[in-house]
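I opened this structure to make notes for someone who has not seen it before. The entries follow the order in which I looked things up.

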Amino acid sequence: MCPCFFSDITLVFRKRMSDRRRIARHLWRMGLAFFIAVGSAFTGPGASVFPEALRASGMLALPEAVTAVLILFWLVRTVFHRPRLEK
């Protein structure tokens, strides 16, 4: 079962979600979809459109790694970020 299923059930029973958690949930879902798309385009079936030298170099795995790091960065920043106190 998808982990999203359990978070959906939790949301149904809780009836309320903070803005921070809602944005983090959106980032997780959209980021995972983007990661799958990048994987399909660069290291999956879509990699056949790139020249053999580029495929053999391993450079096509770089966009996947960058995507994963960015997703984690923004999730951590969204969930654990403390708002600034305005003066």
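Entry one, L60. I listed what L60 touches, leaving out residues up to four places away in sequence, and found F42, T43, A47, F50, L54 and R55. The model I am reading is a predicted one. I placed L60 in the loop between α3 (52-57) and α4. Is L60 buried or exposed? I looked up its relative accessible area, which is 8%, and since buried means under 20%, L60 is buried. I also checked L60 against V38: they are 22 residues apart along the chain, and their C-alpha atoms are separated by 9.8 Å.

Entry two, the whole chain. I counted 4 helices and 0 strands in the protein chain. Read from the N terminus, the order of elements is α-α-α-α. The protein chain has 87 residues, and 15% of them count as buried. I then took the contacts between residues at least 6 apart in sequence, and 51% of these join residues at least 24 apart.

Entry three, helix α2. I wanted to know whether the length of α2 fits its residue count. At 1.5 Å a residue, the 24 residues of α2 should span 34 Å, and the end C-alpha atoms are 34 Å apart, so the two values agree. I noted the buried residues in α2 as A24, R25, G31, V38 and G39.

Entry four, α2 against α4. How do helix α2 and helix α4 pack, and at what angle? I read an angle of about 180° between α2 (residues 19-42) and α4 (residues 62-80), with the axes 9 Å apart. An angle over 145 degrees counts as roughly antiparallel, so α2 and α4 are roughly antiparallel to each other. From α2, the contact is made by R20, I23, A24, L27, W28, G31, L32, F34, F35, V38, G39 and F42. From α4, I wrote down P63, E64, T67, A68, I71, W74, L75, T78 and V79. Sorted by class, this contact has 15 nonpolar, 4 polar and 2 charged residues.

Entry five, T78. I picked T78, which lies in helix α4, for a separate look. Which residues does T78 touch, not counting those up to four places away in sequence? I found R20, I23, A24 and L27. These four are also among the α2 residues that make the contact with α4. The relative accessible area of T78 is 18%, and because the limit for buried is under 20%, T78 is buried. I also noted that the side chain of T78 reaches the backbone oxygen of W74 at 2.6 Å.

Entry six, H81. I found H81 in the segment after α4. With neighbours within four places in sequence left aside, H81 is in contact with R20 and V76. H81 and R20 are 61 residues apart in sequence, while their C-alpha atoms are 9.3 Å apart in space. The relative accessible area of H81 is 38%, between the 20% and 50% limits, so I entered H81 as partly exposed. I noted R20 twice in these last entries, as a contact of T78 and as a contact of H81.

Technical notes: Residues numbered from 1 in each chain as written. Predicted model: local features only at pLDDT ≥ 70, side-chain atom pairs only at ≥ 80, totals over all residues. Heavy atoms only, no water. Axes fitted to C-alpha atoms, helices over the stretch in contact; angles between N-to-C directions. Helix = DSSP H or I, 4+ residues; strand = E, 2+ residues; numbered from the N terminus. Parallel < 35°, antiparallel > 145°, perpendicular 65-115°, else oblique. Contact = heavy atoms within 4.5 Å. Nonpolar A, V, L, I, M, F, W, Y, C, P; charged D, E, K, R; others polar. Buried < 20%, exposed > 50% of the residue type's maximum accessible area, 1.4 Å probe, protein only. Polar contact = N/O pair within 3.5 Å; in protein donor to acceptor, adjacent residues only side chain to side chain. Expected span 1.5 Å × (residues − 1).
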